[in-house]
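I opened my notebook to get to know a new structure. Here is what I looked up, one stop at a time.

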Amino acid sequence: MSRRHIISLLMENEAGALSRVAGLFSARAYNIESLTVAPTEDATLSRMTIVTVGSEDIIEQITKQLNKLVDVIKVMDLTEGSHIERELMLVKLRAMGADREEIKRTADIFRGNIIDVTESTYTIELTGAGSKLDAFLEAIDSAFILETVRTGASGIGRGERSLKI
Amino acid sequence: MAGECLPARRENREIKVRKSAGWLPWHDFLTVTGQNDYPHGFTNELIFYQFMEATGAEIVVRCLAEEGVEFVFGYPGGAVLNIYDEIFKQNKFKHVLVRHEQAAVHAADAYARSTGRVGVALVTSGPGVTNAVTGIATAYMDSIPIVVVTGQVPTPAIGLDAFQEVDTVGITRPCVKHNFLVKDVKDLAATMKKAFIIAATGRPGPVVVDVPKDVTYHTTDFEYPATVEMRSYSPVVKGHSGQMKRAVQMLLEAKRPMIYAGGGVVLGDASEQLAELTRLLGFPITNTLMGLGGYPATDRQNLGMLGMHGTYEANMAMQHSDVLLAVGARFDDRVIGNPAHFAREQRRIIHIDVDPSSISKRVKVDVPIVGDVKNVLTDMLALLKQAKEKPDVAALNAWWTQIELWRSKNCLKYNRNSPIIKPQYVVEKLWEVTKGDAYVTSDVGQHQMWAAQYYKFDKPRRWINSGGLGTMGVGLPYAMGVQLAFPDAQVACITGESSIQMNIQELSTCKQYRIPVKVVTLNNRYMGMVRQWQEFFYGSRYAESYMESLPDFVKLAEAYGHVGMRIDKPEDVEAALKEAFSPALKERMVFMDFQTDQTENVFPMVEGGKGLSEMILAEEL
Ligand SMILES: Cc1cc2nc3c(=O)[nH]c(=O)nc-3n(C[C@H](O)[C@H](O)[C@H](O)COP(=O)(O)OP(=O)(O)OC[C@H]3O[C@@H](n4cnc5c(N)ncnc54)[C@H](O)[C@@H]3O)c2cc1C
Ligand SMILES: Cc1ncc(C[n+]2csc(CCOP(=O)(O)OP(=O)(O)O)c2C)c(N)n1
Ligand SMILES: [Mg+2]
């Protein structure tokens, strides 16, 4: 049975490291729903979050293959324990007349912030689990949506559960 | 008349530059250092030069010397000229000039397969690299430790579609264990060290070190580190003790045990431990194509190779075993046939492998043991010797009775009275004439399977072939790499008339370095393996598998300065082989062209999608 997994990993912050991971996924035909990466507080390390879908067997292979990459230091399947997942979305909406109030109310309900305003548009910033961002987009009349940009999920274990070297 | 090597002119232009330091326009810099194949557009760049201990090129060469490298197989070109200049000045290792970069990598790969040490190849940027890729991928699929140093365009030119530029790191990424682009000469020595460590440890594999031309003339203090720390790289060495205890328990409970040993035993130099364990337990054992020689083929407990062209007894025993010990083998699709069919019979599986990703990849395993096979087998032997229980003798006897019944089918029999040379017969005779003690390389096709089935390898690292990628053309360069490593050994290359043509130019290399390999061509005028499939599965429509317009191999061998022989009759086979391996021809490369039966097929055979126990046998046709 296929399930969604969030895999976190620490790797050397080196040119080419990202393409090794991306190349692995395409070469072995694994799914990537999203992939985010940035340096950590230690500039020699990058932290990556990969959201993927697969059966238990495939996820086992994915973590083993990731671990095998020479640049990868540690791998953790966040979905194996309790964790927090966040994604940032920026949405630009057509906002005119009476719609402006309506859009603002919806943004408030979802704890979004309006971060840019023009006479005819709002740009809203929203963070949360991917499902929350999806729900927001569903709540808004699609005719209003001019542009969306999402970062893909970042994840972290709850409490003492950490990915560190 | 050409034909003489020009005398070398030993003048050191760079000495002048070495004394000073400061800023130079790129243009002047290249002129002063004699670099003239740089891309346009850099004349206004300033380059800082401060000449200290060693240039990048010297560092590459000194690192190789420090690693105790004996041979570098390579081919020069613009991007590696500085490195070649340093090779010219040293005598620590020998450079072997091949005739095609693919062969350089194959020869380095065979050197590694036969010696267990890291093989080294050196190629130039662009086409040098793309030619090398087949060699690298071949080594990758069979987990062979090699380091390939590749030239690259100067760092300021990277990404500008410079002359002979390819994205080497990108092109090779999916077929290397790891690769590096060295952008700073200061990182060069440590990178070379890392390359050798990564290639040789854990699950071995090829490592590419891409060195831009400017890095080869930049200088830095040189010190070759004894070792380098890599926090992200630490292969597991020791097996988990709890798992090993469970494994030993399971082995002792077995009624129908089977040991399935692969290339990992050879790569991990664990054949002694494997033999001790197998004999102590009294279990039957089978080898994969890559594992041949890991356990003596002539030993009664060995059921021969398993898989698509494995023996009847090995495949039946594999299918019907109740406890399976897999050692350094990766349940390849050519080995277990249809996995669903394989899973029909209930059996418990113990799997020893240094690479966790090999375990439970294609077949679910009950007791995974991650670790180096030699360590794990040593520890398991100790546990076995301590154990109070003993193998179930009665059950084992019954199991062996069954196995002998399977064995009595004599699945490798063939027509010995044929008036046409049977390929199997040539291999059998080769085994006799070389007293089973030759190094045998092969190409890919039917002849490869006959070599595997009929040359009984009793020692590891004697059988050198491409299993995972199945690369036609490896045979001759493989034989060169082996013969150079073991100058006094008998080295035979069993090949087909199609495969041999894929790297035939290496006959010239054999001439230059007096490499006396013996080529045994099983010439069936067909891409026999392709023809066999077309006969079985495509209604005998032999599309493009007939090898027309073959050269006269005898004349060809002679043209390259070697000995050629053509053998047409079965009664001449033995004499030809004896002559080729006689003291009179010990120093000569001999090309034997055996005209073999065009219609012969490889049996047994497990068709694609079929189960291991559903073999087609010779007699059934
Ligand atoms: C025409 C053709 C026909 C073929 N037919 C057959 C056939 O009939 N039968 C057959 O067997 N093959 C056949 N092959 C070969 C097949 O494709 C595979 O290459 C081969 O079966 C793989 O062998 P292996 O499982 O021993 O693995 P290898 O590729 O040799 O892999 C070795 C395994 O050991 C592990 N390992 C490495 N070093 C160590 C160590 N130190 N400690 C522990 N583990 C280690 C590795 O991680 C890996 O999992 C054929 C190939 C061709 C080209
Ligand atoms: C580079 C490459 N191209 C194609 C193939 C597919 N292939 C496998 S065996 C074979 C025929 C080999 O013919 P030959 O060398 O004459 O050996 P034979 O099977 O006749 O013994 C071919 C074309 C391959 N393995 N490698
Ligand atoms: Mg042929």
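These entries cover a strand, a metal site and an interface, and I keep in mind that the model is predicted.

**Entry 1: a strand in chain A**

I began with strand β7 of chain A, residues 121–128. How many of its residues are buried? I found 6 of the 8 buried, so the strand is largely enclosed by the rest of the structure.

Next I looked up its partners. Strand β5 of chain A, residues 83–94, pairs with β7(A) in the antiparallel sense, and I noted 8 bridges for that pairing. As an example, I picked L88(A), whose bridge partner in β7(A) is T127(A).

Strand β6 of chain A, residues 113–117, also runs antiparallel to β7(A), with 4 bridges joining them. Here I wrote down D116(A), which has T123(A) as its bridge partner in β7(A). The connection between β6(A) and β7(A) is a hairpin through 3 residues.

**Entry 2: the magnesium ion**

Then I turned to ligand 3, a magnesium ion. Which protein atoms are its donors? I listed two OE entries from E497(B), OD1 of N524(B) and O of Y526(B), at 2.0 to 2.5 Å from the ion. Along the chain, the donors of this ion follow the spacing E-x26-N-x1-Y.

I checked where two of these residues sit. E497(B) lies in the loop between β19 (491–496) and α21 (506–512) of chain B, while N524(B) lies in the loop between β20 (518–523) and α22 (528–537) of that chain. The two are 27 residues apart, and the pair links distant parts of the chain. Are they buried or exposed? Both E497(B) and N524(B) are buried.

Why is the arrangement around the magnesium ion irregular? I counted 6 donor atoms around ligand 3, and the angles they subtend go from 52 to 177°. Six donors count as octahedral only if opposite ones are over 155 degrees apart and all others between 65 and 115, so with an angle of 52° the arrangement is irregular.

**Entry 3: where chains A and B meet**

My last stop was the interface. I found 18 residues of chain A in contact with 17 residues of chain B. Together the two chains bury about 1,500 Å², and 45% of that is on carbon and sulfur atoms. On the chain A side, R20(A), K64(A) and V70(A) lose the most area to chain B, together 41% of what that side buries.

How many salt bridges are there between chain A and chain B? I noted 4. I also looked up the salt bridge between the side chains of K68(A) and D355(B), at 2.8 Å from N to O.

Note on methods: Residues are numbered from 1 along each chain as its sequence is written. Chains are lettered from A and ligands numbered from 1 in the order in which they are written. This is a predicted model: local features need pLDDT of at least 70, side-chain atom pairs count only at pLDDT 80 or more; totals for chains, interfaces and linings use all residues. Side-chain values use heavy atoms; hydrogens and water are left out. Buried means under 20% relative accessible area, exposed over 50%, partly exposed in between (1.4 Å probe, protein chains only). Two strands pair if DSSP finds at least two bridges between them. Donors are N, O and S atoms within 2.8 Å of the metal (3.2 Å for Na, K and Ca); water is not among the atoms, so sites may look incomplete. Four donors count as tetrahedral if all angles lie between 85 and 135 degrees; four count as square planar and six as octahedral if opposite donors are over 155 degrees apart and all others between 65 and 115; anything else is irregular. Contact means heavy atoms within 4.5 Å. Buried area is the accessible area (1.4 Å probe) that two parts lose on being put together, summed over both.
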